[in-house]
Amino acid sequence: MNLAKFSEMFDKKKTFRPKKKFQPGTMKYSLHKQAQASLNSGINLRQVVKLPKGEDFNDWLAVHVVDFFNRINLIYGTVCEQCTKSSCPTMSGGPKFEYLWQDGVKYKKPVHLPAPEYIALLMDWIETQINDENLFPVTTDIPFPKTFQPQCKKILTRLYRVFVHVYVHHFDRIMSIGAEPHVNTCYKHFYYFVTEFDLINEKEFAPLQEMTRKICTDIIAPPTPTEPHRSLFPSEAGGSSSPKSS
């Protein structure tokens, strides 16, 4: 599913914010185009997310974090007029799951916020991260910092919560504009990627567990001797699952 074609599904005036682009000629631009070509070819999405042979995982991760940021912005842009402080007074995924905001700067402790405010702060926060060339280097001569992967995990975890909110509280809007197949494809691509590389704690998937079982049915090829099987839901060491998190 091409991002440009996906964008055409939606009213451009309702796009949440401009998309982040890769500079032509860079390694990340090449990986981005390679990933897009694979998606457009219609091949198995579980195969699409696998790290291409010989490529650096951090580059692959950076490309996908930016792409998912762009796509989820587009998705939220289709429902943002229906997502108001009165209709969504909490950032939630149903009655059992509420997400609290904390950025360590202005919000040093987790706080309850209406969904649109939470998501606006989240997207601003992510945009700051991906525009930071010390965290997301734009050239190969600048190494990725040690904090890169942990920060990407946090970004992806928080982006997943936007999927949760949209599916649980605004899916009627998605269906009314005929975007359900496109949003489902975005979700599957995201889900396969984060589970392929164990980037999100399993407890985060609980709100959409039943839906995920129904739509994420792509069959993965048997593992080869040089590629051990990766569990779809790896066990997490330690910690208890809590429905409320920042």
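A polar contact is a pair of N or O atoms within 3.5 Å; within protein, one must be able to donate a hydrogen and the other to accept it, and residues adjacent in sequence count only if both atoms are side-chain atoms. The side chain of Asp 218 makes such a contact with the side chain of Tyr 192, at 2.7 Å. The structure is a predicted model, in which local features need pLDDT of at least 70 and side-chain atom pairs count only at pLDDT 80 or more, while totals for chains, interfaces and linings use all residues. Residues are numbered from 1 along each chain as its sequence is written, and side-chain values use heavy atoms, with hydrogens and water left out.

The overall plan comes next. The protein has 8 helices and 2 strands; helices (H or I, at least four residues) and strands (E, at least two) are DSSP runs, numbered from the N terminus. In order from that terminus, the elements run α-α-α-α-β-α-α-α-α-β. Of the 246 residues, 48% count as buried, a term that means under 20% relative accessible area, with exposed being over 50% and partly exposed in between (1.4 Å probe, protein chains only). The accessible surface comes to about 12,600 Å², and 54% of that surface belongs to carbon and sulfur atoms; the areas come from the Shrake-Rupley method with a 1.4 Å probe, and for residues only the protein chains shown count as cover. Contact means heavy atoms within 4.5 Å. Among contacts between residues at least 6 apart in sequence, 78% join residues at least 24 apart.

Helix H5 covers residues 115–130. The expected span of a helix is 1.5 Å times one less than its number of residues, so the 16 residues of H5 should span 22 Å, and the end C-alpha atoms are indeed 22 Å apart. The buried residues of H5 include Tyr 118, Leu 122, Trp 125 and Ile 130. Among the elements that cover the buried residues of H5 are helix H4 (57–77), strand E1 (98–99) and helix H6 (148–176).

One residue of H5 also takes part in an aromatic pair. Rings of Phe, Tyr and Trp (its six-membered ring) pair if their centres lie within 6.5 Å; planes under 30 degrees apart count as stacked, over 60 as edge-to-face and the rest as tilted. A search of the whole structure finds 19 aromatic pairs. One of them joins Trp 101 and Trp 125 edge-to-face, at 6.3 Å centre to centre and with 80° between the planes. Trp 101 lies in the loop between E1 and H5 and Trp 125 in helix H5, so the pair ties together parts that are 24 residues apart in sequence. Trp 101 is buried at 1% relative accessibility, and Trp 125 is buried at 12%.

Helix H6 contains Thr 157, which is buried with a relative accessible area of 13%. Beyond residues up to four places away in sequence, Thr 157 touches Leu 199, Ile 200 and Glu 204.

Helix H7 spans residues 180–196; its 17 residues should extend over 24 Å, and its end C-alpha atoms are 24 Å apart, which agrees. H7 is mostly covered, with 13 of its 17 residues buried. Just after H7 comes Asp 198, in the loop between H7 and H8. Its phi is near 55°, a positive value in a residue other than glycine. Most residues other than glycine have a negative phi. At 30% relative accessibility, Asp 198 counts as partly exposed.

Helix H8 (residues 209–215) holds Thr 212, which is buried at a relative accessible area of 6%. A polar atom of the Thr 212 side chain lies 2.7 Å from the backbone oxygen of Leu 208. Residues up to four places away in sequence aside, Thr 212 touches Tyr 160, Tyr 187 and Tyr 191.

The path now returns to Asp 218, in the loop between H8 and strand E2 (244–245). Asp 218 is buried, with a relative accessible area of 16%. Leaving aside neighbours within four places in sequence, Asp 218 is in contact with Asn 44, Leu 45, Arg 46, Lys 188 and Tyr 192. Asp 218 and Gln 47 are 171 residues apart in sequence and 9.2 Å apart in space, C-alpha to C-alpha.

Cysteines remain to be considered. A disulfide is a pair of cysteine sulfur atoms within 2.5 Å, and by this rule the count comes to 0. The sulfur of Cys 88 is 3.8 Å from the closest cysteine sulfur, in Cys 83, which is too far for a bond. Cys 88 is buried at 5% relative accessibility.
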